[in-house]
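Visitor: Please take a close look at one part of this model for me, and describe how its pieces are arranged. I would rather have one connected account than a list.

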Amino acid sequence: MILKSLHSSVLAACLLGAMNMAVSEVPTIVKSSVGGQLIVNGKPYLILGGELGNSSAGTAAQADTVLPRITEMHVNTVLMPVAWEQIEPVEGRFDFSIQDHWIDVAREQHLHLVFLWFGSWKNGFSSYAPSWVKEDTKRFPRAVAADGTELEILSTLGTETLKCDGRAFSALMSHVKEKDRDQQTVLMVQVENEVGYLGRGRDRSSAADHLFHNPVPMELIRKLQNDRDAPSPEMRTHFNAAGKTWRDVFGDAADEVFMAWNYARYIQTVAERGKQAYPLPMYVNCQLPAPAERAGEYPSGGPHPYYLEVYRVTAPSLDFYSPDIYWPNFEYWIDRFKFSGNAIFVPEARLESAPYNAFYAYGEAGAFGFSPFGIESLQPSPDANGSGPGIKDVYQVLGSLSDMLLSAQASGRTRGLVLHSNSPRPAQTVALGDYLFEATLSRSWPAKTLLTEDGAMIVVQTNPNEFYIAGSGLSVSFYRDPDTDNKLCGIANIEEVTRSGGEWLTVRRLNGDQTNQGRQLSMSPHEVHIYRIILYATDRTVPNAK
């Protein structure tokens, strides 16, 4: 399947304006109809990220051992939890000493941080709320299951819960501003974590039942009707603007949409309070359903792509929405978050497949950031992580490409793909500029034995006929795009290159076996390299030749 690149002139224009911002401006997200980028100190910034495990940032001392190791992996940004119980163990008394030390060590290691606010919810549950919240179920009510059981989940309708969560988050943001505004070590904040009701569809508390059996607020119906961006197929299927009750308006999706509205309202209030204190970019992440999972089996009412419009019209303080992708169909899920006005960022990804999926995220989805989960569990040595390339190797080459990659993303001059050994498609083709790039998995010659289980690449166009390709495990053939003309395409030159001190150096000129005698690029099956390719197009001597 040929994947066509999108026109990105609007984003490029926005970025030119952002480049003129004063350095003192806080980090921000510049968005357009085709995506977005993170601006830090007036320049686009590419997050080569890693998210810590939930228990890896609970003490100040952990920063002294964790962050120096992560730096060796070419990670430039660490996503770390900040728990409500950690900063407010006693109501009204805040302690930010742990976060201060992490910021100090991050600066020493030349790292940035993204704070993950584990407030009222983390993975649907409320395990990171302070004990004084957990113990007082009257003041801080719980969600209720269909059988009447109170769950270990704080209700979205708890007035005091919202008040105290918002107060704590505002205090955190005020402290970050005081501590870090000039240095901008902390770039963004995630508000709550993988929210959603874990049960049969929706909260069954008396307060929730009362709201559910009342008419849907007309404000929500009008906003969904007036949303300029096309709703998801799931929303289109269920949405009936002429209805009255939640069941009338949203049909079989009523329970999940009802919960999405309640979570979105709650998060909007928390995020708004935080932005009033310090307006860093803020986002929410989504726990995606496994194959055949239904609402209630995954967190119902989270910011899923099915009913994400509810969040978009209810929580305007959020800057973007992000998928946590652990399932094999990585490309499908990240593409579901490619919609007008959303900047692509993957805060959690499966560690084992991250080296390949990173190429797709940055190249095809135009992501400004990607982050495998549990990054601290990796060993810095690439040999410790298996025979294939590790995330350290991928981040090293992406770091070399970052400036040209960011520029190319803004003007739609990047592509990416991943090929799996068990894929039903033996080849994939992407189009960029006036050329087609057809990739197959690397095989030996003459036995044609598969040399790699998976392969991936990112393509960056730097001139009309010049491209940089980074990846491994693929053989790539080049063709003239028939939508452009009928010219004959060929390889003028391929070099393996590396970057040192900002200068590109040629490691090898590839005109023999590595290019199949000048006919295609054959990447190393187990190592990541960068290749500079010069193509040519010439008129055919036989006009109708194919």
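Guide: A convenient place to start is Cys489, which counts as buried because its relative accessibility is 17%, under the 20% cut-off. The model is a predicted one, and a search of the whole structure finds 0 disulfides. Residue 489 falls within the range of strand S21 (488-500), and S21 belongs to the part I would look at closely, an open sheet whose 6 strands follow the order S15-S18-S19-S24-S21-S22 with antiparallel pairing. At its edges are strand S15 (414-420) and strand S22 (503-509), each of which pairs on one side only, and from one strand to the next the twist averages 30°.

Within this sheet, strand S18 (residues 454-463) and strand S19 (residues 466-472) are joined in the antiparallel sense by 7 bridges, and one place to find this pairing is Gln461, whose bridge partner in S19 is Phe467. Helix H14 (residues 354-363) packs on the sheet, where it touches S15, S18 and S19, and its direction makes about 150° with that of S15. Helix H14 also lies across two further strands, S5 (47-51) and S14 (369-372), running at about 165° to S14. Strands S5 and S14 are both members of a closed barrel of 8 strands, in the order S5-S6-S7-S10-S11-S12-S13-S14, with parallel pairing, so that H14 has contacts with strands of the barrel as well as with strands of the open sheet.

A second helix, H15 (residues 391-410), lies across S15, S18, S19, S21, S22 and strand S24 (529-538), running at about 55° to S18. The path of H15 deserves a careful look, since a straight helix of 20 residues would span 28 Å at 1.5 Å a residue, whereas H15 spans only 24 Å between its end C-alpha atoms. Along that path, H15 bends by about 65° at Ser402. Just after the helix, Gly412 takes a positive phi of about 70°, and strand S15 has the residue range 414-420.

For orientation, the barrel can be set beside this sheet: there, strand S7 (residues 112-122) and strand S10 (residues 186-193) pair in the parallel sense over 6 bridges, and Leu113 stands opposite Val186 in S10. Helix H6 (residues 159-180) packs on the barrel sheet, touching strand S6 (77-83), S7, S10 and strand S11 (282-287), with a direction that makes about 170° with that of S7. Cys164, whose number lies in the range of H6, is buried, with a relative accessible area of 0%.

Conventions:
Residues are numbered from 1 along each chain as its sequence is written. This is a predicted model: local features need pLDDT of at least 70, side-chain atom pairs count only at pLDDT 80 or more; totals for chains, interfaces and linings use all residues. Side-chain values use heavy atoms; hydrogens and water are left out. A disulfide is a pair of cysteine sulfur atoms within 2.5 Å. Buried means under 20% relative accessible area, exposed over 50%, partly exposed in between (1.4 Å probe, protein chains only). Two strands pair if DSSP finds at least two bridges between them. Helices (H or I, at least four residues) and strands (E, at least two) are DSSP runs, numbered from the N terminus. Axes are lines fitted to C-alpha atoms, for helices over the stretch in contact, and angles run from 0 to 180 degrees between N-to-C directions. Contact means heavy atoms within 4.5 Å. The expected span of a helix is 1.5 Å times one less than its number of residues. The bend at a residue is the angle between axes fitted to the seven residues ending there and the seven starting there.
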